[in-house]
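Take a look at the chain below. Then follow the report from one residue to the whole fold.

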Amino acid sequence: MDASDAAERSGPIPHAGDVLQFAESDYCYGIGPLVLQVTGVGADLDRYPRLEWLSLRGVELRRDGSAGPERQVLVRTSALPRTT
């Protein structure tokens, strides 16, 4: 990977345990906003920095913060949180 590839990556690589929020337009296979505690990541963004969609596995968190069902979703890499 060179510097131009790293610059094109949309956000940091998610890791197990991260809690991520997505708008309905930023993920597939669901309705409404999604809060997901990540348990698995389907691809390595360091190896494939130009991916537009990333497969994530995790536990959906309800509005009250309790654990919901396990989910597998495709999310836009541009929707991943950015580091500063």
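## Starting at Val-19

Which residues does Val-19 touch, not counting residues up to four places away in sequence? They are Val-35, Leu-36, Gln-37 and Leu-61. This is a predicted model, and Val-19 sits in its strand β1.

Is Val-19 buried, partly exposed or exposed? Its relative accessible area is 46%, so Val-19 is partly exposed. Val-19 and Val-59 are 40 residues apart along the chain. Their C-alpha atoms are separated by 9.3 Å.

## The overall plan

The protein has 1 helix and 4 strands. Along the sequence, the pattern reads α-β-β-β-β. The protein has 84 residues, and buried residues make up 32% of them.

Now consider contacts between residues at least 6 apart in sequence. Of these, 46% join residues at least 24 apart. About 5400 Å² of the protein is exposed, and carbon and sulfur atoms supply 48% of that area.

## The sheet

In what order do the strands of the sheet stand? The order is β1-β2-β3-β4, in an open sheet of 4 strands with antiparallel pairing. At the edges stand β1 (19-22) and β4. Each has a single partner strand, so one side of each has no neighbour in the sheet. On average, neighbouring strands are turned by 45° against each other, direction ignored.

A general point helps here. Strands of a sheet pair through backbone hydrogen bonds, and the pairing can be parallel or antiparallel.

## Strand β3 and its two partners

How many bridges join β2 to β3? There are 5, between residues 34-41 of β2 and residues 53-61 of β3. These two strands run antiparallel. On the other pairing, β3 and β4 share 8 bridges, also in the antiparallel sense.

Leu-56 shows both pairings. Val-41 stands opposite Leu-56 in β3. Leu-56 also stands opposite Val-73 in β4. Another pair across β3 and β4 is Trp-53 opposite Arg-76. The two strands form a hairpin with 5 residues between them. In the turn, Gly-65 has a positive phi of about 90°.

## Ser-55 and its surroundings

Ser-55 lies in strand β3. What does its side chain reach? It makes a polar contact with the side chain of Gln-72, at 3.1 Å.

Set aside the neighbours of Ser-55 within four places in sequence. Ser-55 is then in contact with Gly-40, Val-41, Gly-42, Gln-72, Val-73 and Leu-74.

## Two salt bridges

Side chains of opposite charge can pair when their charged atoms come close. How many salt bridges does the structure hold? It holds 2.

One joins the side chains of Arg-76 and Asp-26, at 3.6 Å from N to O. Arg-76 is in strand β4, and Asp-26 is in the loop between β1 and β2, so the pair ties together parts 50 residues apart in sequence. Arg-76 has 33% relative accessibility and therefore counts as partly exposed.

The other salt bridge joins Glu-60 and Arg-71, whose closest N and O atoms are 3.0 Å apart. This pair links strand β3, home of Glu-60, to strand β4, home of Arg-71. The two residues are 11 apart. Is each partner buried or partly exposed? Glu-60 has 23% relative accessibility, so Glu-60 counts as partly exposed. Arg-71 has 18%, so Arg-71 counts as buried. The cut-off explains the split, because buried means under 20% relative accessible area.

## Just past β4

Thr-77 lies in the segment after β4 (67-76). Why does Thr-77 count as buried? Its relative accessibility is 5%, and buried means under 20%.

Where does the side chain of Thr-77 reach? It reaches the backbone oxygen of Leu-51, at 2.7 Å.

Note on methods: Residues numbered from 1 in each chain as written. Predicted model: local features only at pLDDT ≥ 70, side-chain atom pairs only at ≥ 80, totals over all residues. Heavy atoms only, no water. Buried < 20%, exposed > 50% of the residue type's maximum accessible area, 1.4 Å probe, protein only. Polar contact = N/O pair within 3.5 Å; in protein donor to acceptor, adjacent residues only side chain to side chain. Pairing = 2+ DSSP bridges. Axes fitted to C-alpha atoms, helices over the stretch in contact; angles between N-to-C directions. Salt bridge = Lys/Arg side-chain N within 4 Å of Asp/Glu carboxyl O. Contact = heavy atoms within 4.5 Å. Areas by Shrake-Rupley, 256 points an atom, 1.4 Å probe, with all protein chains shown as cover.
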